Amino acid sequence: MDAGPSCDRAARAPPLFFRLLTSLPFVYLGSDMATPPETSPAPVTIAQVKDEAELMQALAIREVVFIEEQHVPEGIERDAEDANAFHVLAYQGGHAIGTGRLVMMSEPPPGQQGKWGQIGRMAVLQSHRKARVGSKLLIMLENEARNRGVGGVMLHAQLYALEFYKRHGYEALGPVFQEGGIDHLEMHKRL
Ligand SMILES: CC(C)(COP(=O)(O)OP(=O)(O)OC[C@H]1O[C@@H](n2cnc3c(N)ncnc32)[C@H](O)[C@@H]1OP(=O)(O)O)[C@@H](O)C(=O)NCCC(=O)NCCS
């Protein structure tokens with residue numbers, strides 16, 4: 001999660017991008033009340049977000065996971081990077097159940113060289129976790145970063161997810177910092 005200023009929604013009209021997003025019709029989302037993964041044998045597939053309707057599905061999952069579940073302030077969950085990021089969705093049985101994004105960094109993190117990407121907004125619906133959906137999302141985002149010729153990817157990991165990222169080859173560095181009221185560590189992986 002990237003840090004950003006909190007916003008007083010009553011005082012300021014949202015930027016055009018968000019008004020466009022919120023004016024789109026409701027999209028169906030595989031909910032946390034869906035059949036648990038162990039009784040749902042449908043395979044999980046990961047696909048790039050190709051249009052606005054699919055982006056709405058990704059944003060809806062992020063809303064459930066970050067805003068409703070983790071109480072991240074609404075004003076920082078969506079940001080300007082969403083318009084240009086490479087977004088992916090995980091599907092099971094026709095329902096969207098997870099998402100993540102890759103943003104190309106304007107400059108590498110301190111101490112690194114060349115082109116770098118930032119992976120973020122990794123979110124899997126609670127009822128579908130620990131079934132390798134997050135791993136599949138991460139691998140697809142890393143593959144896209146490789147295809148773009150980046151030297152490495154960085155991310156801001158919530159402390160509870162450190163082991164998940166370590167198992168995927170990420171190394172933690174620097175001090176713990178807060179984003180959206182949650183403790184994070186920066187992690188890097190050379191590709
Ligand atoms: C972080 C997150 C995306 C991971 O998604 P996920 O689908 O649960 O990820 P995976 O199933 O690939 O791996 C998660 C763990 O489940 C374990 N696991 C995978 N399949 C399993 C299985 N069949 N049985 C038991 N454990 C399993 C993995 O080993 C992994 O363990 P680890 O965390 O110790 O490495 C998910 O927890 C999430 O959405 N969290 C809330 C949002 C969030 O905090 N996102 C930002 C994190 S910085």
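Which residues touch the most other members of the largest nonpolar core? Let's start there, and keep in mind that this is a predicted model.

Okay, so the core. The largest one holds 35 residues, and the ones touching the most other members are I119, L137, L141, V153, L155 and M187. Looking at where its residues come from, the elements that give two or more are helix 2, strand 2, strand 3, strand 4, helix 4, strand 5 and strand 7. Helix 2, residues 52-69, gives the most, with six residues. As a general remark, nonpolar side chains tend to be buried together in soluble globular proteins.

Take M187 from that list for a second. If you ignore its neighbours within four places in sequence, M187 is in contact with M154, L155, A157, Y165, Y170, E171 and A172. So L155 turns up twice: among the residues that touch the most other core members, and again as a contact of M187.

Now the strands. Strand 3 runs from 95 to 104, and eight of its ten residues are buried, so call it mostly covered. On one side of the pairing list we have strand 2, residues 86-92, antiparallel to strand 3 and joined to it by seven bridges. If you want a landmark in that pair, H87 stands opposite R101. The hairpin between these two has two residues between the strands, and G93 there takes a positive phi near 55°.

Strand 3 also pairs with strand 4, residues 116-124: antiparallel again, with six bridges. The landmark here is V103, standing opposite Q118.

On to the ligand. Which residues come nearest to it? There are 17 residues around the ligand, and the nearest are R129, K130, G134, S135 and F164. Strand 4, helix 4, strand 5 and helix 5 are the elements that give two or more residues to that shell. By type, the shell divides into nine nonpolar, three polar and five charged residues. Strand 4, helix 4 and strand 5 should sound familiar, as they also give two or more residues to the core.

Last stop, helix 5, residues 162-167, which is where R167 sits. Is R167 buried or exposed? R167 counts as exposed, because it has 9 C-beta neighbours inside 10 Å, and the cut-off for exposed is 12 or fewer. One more thing on R167: S135 is 32 residues away in sequence, yet the two C-alphas are 9.6 Å apart in space. And S135, remember, is one of the residues that come nearest to the ligand.

That's my tour, thanks.

Definitions and conventions: Residues are numbered from 1 along each chain as its sequence is written. This is a predicted model: local features need pLDDT of at least 70, side-chain atom pairs count only at pLDDT 80 or more; totals for chains, interfaces and linings use all residues. A residue is buried if 20 or more other C-beta atoms lie within 10 Å of its own, exposed if 12 or fewer, and partly exposed in between; C-beta atoms are placed from the backbone. Helices (H or I, at least four residues) and strands (E, at least two) are DSSP runs, numbered from the N terminus. Two strands pair if DSSP finds at least two bridges between them. A residue is near a molecule or strand if its C-beta atom, placed from the backbone, lies within 6 Å of it. Ala, Val, Leu, Ile, Met, Phe, Trp, Tyr, Cys and Pro count as nonpolar, Asp, Glu, Lys and Arg as charged, and the others, Gly among them, as polar. A nonpolar core is a set of buried Ala, Val, Leu, Ile, Met, Phe, Trp, Tyr and Cys residues joined through C-beta atoms within 7 Å. Two residues are in contact if their C-beta atoms, placed from the backbone, lie within 7 Å.
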